[in-house]
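Subject: Structure handover

Hi,

Here is the structure I promised to pass on. Have a look at it first, and my notes follow underneath.

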Amino acid sequence: MLTLALVLISVLPSCGGRRPGGPGVIHHVEKGENLYRIGLRYKVPAKEIAKANGIRDVTQLRPGQRLYIPGARKRLQASARAATRGDSPRRPSGDSKEARRRARESARIQTSLQFAWPVRGRLSSHFGMRGGKPHEGLDIAAKRGTPIFAAESGRVIQSGRMSGYGKVVVVKHAGRYRTLYAHASKLLVRKGEFVERGQKIAEVGTTGRSTGPHLHFEIRRAETPQNPISYLPKRG
Ligand SMILES: [Zn+2]
């Protein structure tokens, strides 16, 4: 009976849905784990973990998947086996089995992310080489003040001025993806905030190295610029 009471006491603080207040960690899903169990262990509501990782179908969770746990302070391992394996997200991979696992994982995550167009406007510059220099995103011309929407749900990791980019927002998503929205006239979100796909996060402007009002939009995976066109739906 006493044990039950202690268990209840230790579980209760997580019932309010309040986050522990840490910076968040990446959790590696182990066999047999599910979102609710993971949420309980980190004291973060499962719903919030699902939202932060763009998971709509909770049965999608698979061993090896990386989950961003918002607000958590410390990564918790599911099992002793996982702890002794000592894998870390930064470990360079010479192991082909590990490389294959990662490729599968990234393909899976890629399909669960659904990027949407961040602004309505005219495509004025493509991704790729431009005047002998790489252009690491898309330029979409629009009037100053046109709303800029988050292309996918995630956590704002930067909102402020950056040289060249002017006023810029960077959002981190599942699967080591991030999106960047540059040259804004106005920033409407703060670092650390969670945003949903389609949420207004900024307004078009021409701050930084820019010749007229437009959005410079980037999608990066593990820092590497991707061609946003391959991730965005066809424009109607
Ligand atoms: Zn650009």
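A good place to start is strand S10 (residues 177-184), which is mostly covered, with eight of its eight residues buried. Buried means that 20 or more other C-beta atoms lie within 10 Å of the residue's own; exposed means 12 or fewer, partly exposed is in between, and C-beta atoms are placed from the backbone. Helices (H or I, at least four residues) and strands (E, at least two) are DSSP runs, numbered from the N terminus.

Before you go further, note that this is a predicted model: local features need pLDDT of at least 70, side-chain atom pairs count only at pLDDT 80 or more, and totals for chains, interfaces and linings use all residues. Residues are numbered from 1 along each chain as its sequence is written.

As for the whole protein, there are five helices and 15 strands, and buried residues make up 29% of the 236 residues. Of the contacts with a separation of 6 or more, 65% are between residues 24 or more positions apart. A contact here is two residues whose C-beta atoms, placed from the backbone, lie within 7 Å.

Back to S10 and its partners. Two strands count as paired if DSSP finds at least two bridges between them. S10 pairs with strand S9 (residues 166-172) in the antiparallel sense over five bridges, and Lys172 stands opposite Arg178 in S10. S10 also pairs with strand S14 (residues 214-221), again antiparallel, over six bridges; there, Ala182 has His216 as its bridge partner.

S9 and S10 form a hairpin with four residues between them, and Gly175 in the turn has a positive phi of about 65°. Arg176 sits in the loop between S9 and S10 and has a positive phi too, near 60°, in a residue other than glycine. Arg176 is partly exposed, with 17 other C-beta atoms within 10 Å. Another non-glycine residue with a positive phi is Ala222, near 50°. You'll find Ala222 in the loop between S14 and strand S15 (224-226), where it counts as exposed with 11 C-beta neighbours inside 10 Å.

Now the core. The largest nonpolar core has 37 residues, and those with the most contacts inside it are Ile148, Val168, Val169, Tyr181 and Ala184. By nonpolar core I mean a set of buried Ala, Val, Leu, Ile, Met, Phe, Trp, Tyr and Cys residues joined through C-beta atoms within 7 Å. At least two residues of this core come from each of H2, H3, S2, S6, S9, S10, S13 and S14, and S10 gives the most, with five residues. The core lies between domain 1 (2-86) and domain 2 (122-230), because both give residues to it; the domain bounds come from an automatic or database domain assignment. If you want one core residue to click on, try Val169: not counting residues up to four places away in sequence, its contacts include Val156, Tyr181, Ala184, Leu187 and Ile201.

Next, a small sheet. Three strands form an open sheet in the order S7-S13-S11, with antiparallel pairing. Its edge strands are S7 (147-149) and S11 (186-187), each of which pairs on one side only. S7 and S13 (residues 200-203) pair over three bridges: Pro147 stands opposite Glu203, and Ile148 has Ala202 as its bridge partner. On the other side, S11 and S13 pair over two bridges, with Lys186 partnered by Glu203.

Gly145 is in the loop between strand S6 (138-141) and S7. Gly145 is exposed, with 11 other C-beta atoms within 10 Å. Leaving out residues up to four places away in sequence, Gly145 touches Ser185, Glu203 and Val204. The C-alpha atoms of Gly145 and Ser185 are separated by 6.9 Å, although the two are 40 residues apart along the chain.

Last, helix H2 (residues 35-42). Which of its residues are buried? They are Leu35, Ile38 and Tyr42. Seen down the axis of H2, these fall within an arc of 65° (taken from the directions from the helix axis to the C-beta atoms), so they line one face of the helix. Their cover includes strand S1 (25-28), helix H3 (46-52) and strand S2 (66-69). After H2 comes Lys43, with a positive phi near 60°.

Cheers
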